[in-house]
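Student: Please take a close look at the salt bridges here, and treat the answer as a guided reading rather than a list. I would like every cut-off stated where its term comes in.

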Amino acid sequence: MSKKIYIESLGCAKNQVDSEIILTIAKQKGYEVTKTAQDADLLFVNTCGFIESAKEESINTFFSLKNTFPKAKIILGGCLAERYNKELELEEADAIFGNHDLSKFADLLDELEENDEQIKLAPEYPDPDKDKDERSEYLSMPRSCYLKISEGCNHRCNYCAIPIIRGPLRSRPFNSIVEEAKRLIAQGFYEINLIAQDLGAYGTDFDGKSHFCELLDTLASLDGNFVLRLLYIHPDTFPIELIDIVKNNKKILPYFDIPFQHASQRVLRGMKRSGNTEKYLALIEKIRSNIPEAVIRTTLMLGFPGEEREDFDELLRFVKSARFDWMGSFLYSREEDTPAYEMRNERDHKKAIKRATPWKSELEELQSKITEENLEKFVGKKYLALVEENIQGEDLSIARIYSQAPDVDGLTVIMGEGIKPGDVVEVGIRKVRGVDLEAILIRKVY
């Protein structure tokens, strides 16, 4: 009787890809993947270590699973395990496993079988050509998946712990990405979401220049019924030629995820970013003037050291002018070993975050109104939608059109029967409901 593994994947989509690779390795070692923790012999918590709240969620999740299922073995893995591998004193964990060389998970499974003592393992990245990228397990909704094109980051923004956790930029070999895309298309995936810390930086570690547009052109030229969605492009190094590539290729969704973080030049310089309100609004205008149907998502940070009310007021004006379709916001987290950590002490940090918390609410309230107004442009038009799930007992389904990225944006509720998760259908948008769209089914496409 085979043993069963359950994984709790926290944090970003890049972590999810790691979880899928880990599950695939476990299957190759004879484990059965289960979707419920209560059935598992082995629990794996794939943690996030980016900001304080994510670290707290990771530890709380670990102890919740450990206390609920004490007989199962449990592994703390992911970014938290990588960042604090040597320092972590967590005797409840059977193993603490870093996330640089996932291929070593096979060895860890062998050691767990033979060893009752805690195992700590954080091997360095392997040769890029020997990286594990095979996946037979996927954690996304049907016919949607993520394709990671690089790891780590060279931007080294002053607040960011990602280079500490994931290391410098490490672009995957060009052909390796293309071959994986072909496999995904052959498996029937319709939506392929390209992810990295910064898509636009792809290949700059090869020869100093970006090869992302070349890669995107190649991926978009592949045969098959699929679309590409681009997630995470740094605004200060945004490849302008990308706009024409998206405009001229229907397989690339006109969806731009650009984390501006702020608009005040003073705050941005403190973050070690080179933009400002004028530059960022010019980029937004260039995208929209060339691609009127473009959807733009951003992320903004409040409470960074040095931010004053006048900086926040500038950010409010920026958001009013930019009229983002979607926006996420978060409070600055004071992370040790980052340059920003020394910009203020913990006492002043807590005071600043207390002041910035209502600013965050004010910003989100403003953006909510803008999002609802922007959604009206979809009403009365037809779009292709990827069905995610059916609502039990009703002729309703949950789906997403091109303007809605998985997990972070609103959804499209379809009225109609005879469709199932994974179907690509044509819908007519009838109305806006909050941040969601209501649609009627026109026909099934494929």
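The answer below goes through the salt bridges pair by pair and then turns to two side chains with polar contacts.

Tutor: The model is a predicted one, in which local features require pLDDT of at least 70 and side-chain atom pairs count only at pLDDT 80 or more, while totals for chains, interfaces and linings use all residues. Numbering starts from 1 along each chain as its sequence is written, and side-chain values rest on heavy atoms, with hydrogens and water left out.

Across the whole structure the search returns 34 salt bridges, each being a side-chain nitrogen of Lys or Arg within 4 Å of a carboxyl oxygen of Asp or Glu. One of them brings together the side chains of arginine 83 and glutamate 336, at 3.9 Å from N to O. Arginine 83 belongs to helix α3 (residues 78-83) and glutamate 336 to the loop between β14 (326-331) and α13 (346-375), so this pair ties together parts that are 253 residues apart in sequence; helices (H or I, at least four residues) and strands (E, at least two) are DSSP runs, numbered from the N terminus. How buried or exposed is each partner? Arginine 83, with a relative accessible area of 9%, counts as buried because its value falls under 20%, whereas glutamate 336, at 26%, is partly exposed, that class lying between the buried limit and the exposed one of over 50% (1.4 Å probe, protein chains only).

A second pair consists of arginine 400 and glutamate 191, whose closest N and O atoms are 2.6 Å apart in their salt bridge. Here the partners sit in two strands, arginine 400 in β16 (residues 396-400) and glutamate 191 in β10 (residues 191-195), so the link ties together parts that are 209 residues apart in sequence. Arginine 400 is buried, with a relative accessibility of 3%, and glutamate 191 is likewise buried, with a value of 3%.

In a third pair, the side chains of aspartate 423 and lysine 444 meet in a salt bridge at 3.4 Å, N to O. Lysine 444 lies in strand β19 (residues 436-444) and aspartate 423 in the loop between β17 (412-415) and β18 (424-433), and the two residues, 21 places apart, link distant parts of the chain. Aspartate 423 is buried at 5% relative accessible area, while lysine 444 is partly exposed at 43%.

Returning to the first pair, arginine 83 and glutamate 336 are members of one network, joined by salt bridges that share partners, together with Glu52, Lys55 and Glu335.

Another charged side chain, that of arginine 135, is worth following through its polar contacts, which are pairs of N or O atoms within 3.5 Å; within protein, one must be able to donate a hydrogen and the other to accept it, and residues adjacent in sequence count only if both atoms are side-chain atoms. Arginine 135 is placed in the loop between β6 (119-121) and β7 (144-148), and it is buried, with a relative accessible area of 7%. The side chain of arginine 135 makes a polar contact of 2.7 Å with the side chain of glutamate 180, and a polar atom of that arginine side chain also lies 2.8 Å from the backbone oxygen of tyrosine 146. Once neighbours within four places in sequence are set aside, the residues in contact with arginine 135 (heavy atoms within 4.5 Å) are Val17, Glu20, Ile21, Thr24, Tyr146, Leu147, Glu180, Leu184 and Gln187.

Serine 58 offers an uncharged counterpart for the same kind of reading. Serine 58 is found in helix α2 (residues 52-68) and is buried at 1% relative accessibility. A polar atom of the serine 58 side chain lies 3.1 Å from the backbone nitrogen of cysteine 48. With neighbours within four places in sequence again left aside, serine 58 is in contact with Leu10, Val45, Thr47, Cys48 and Leu80.
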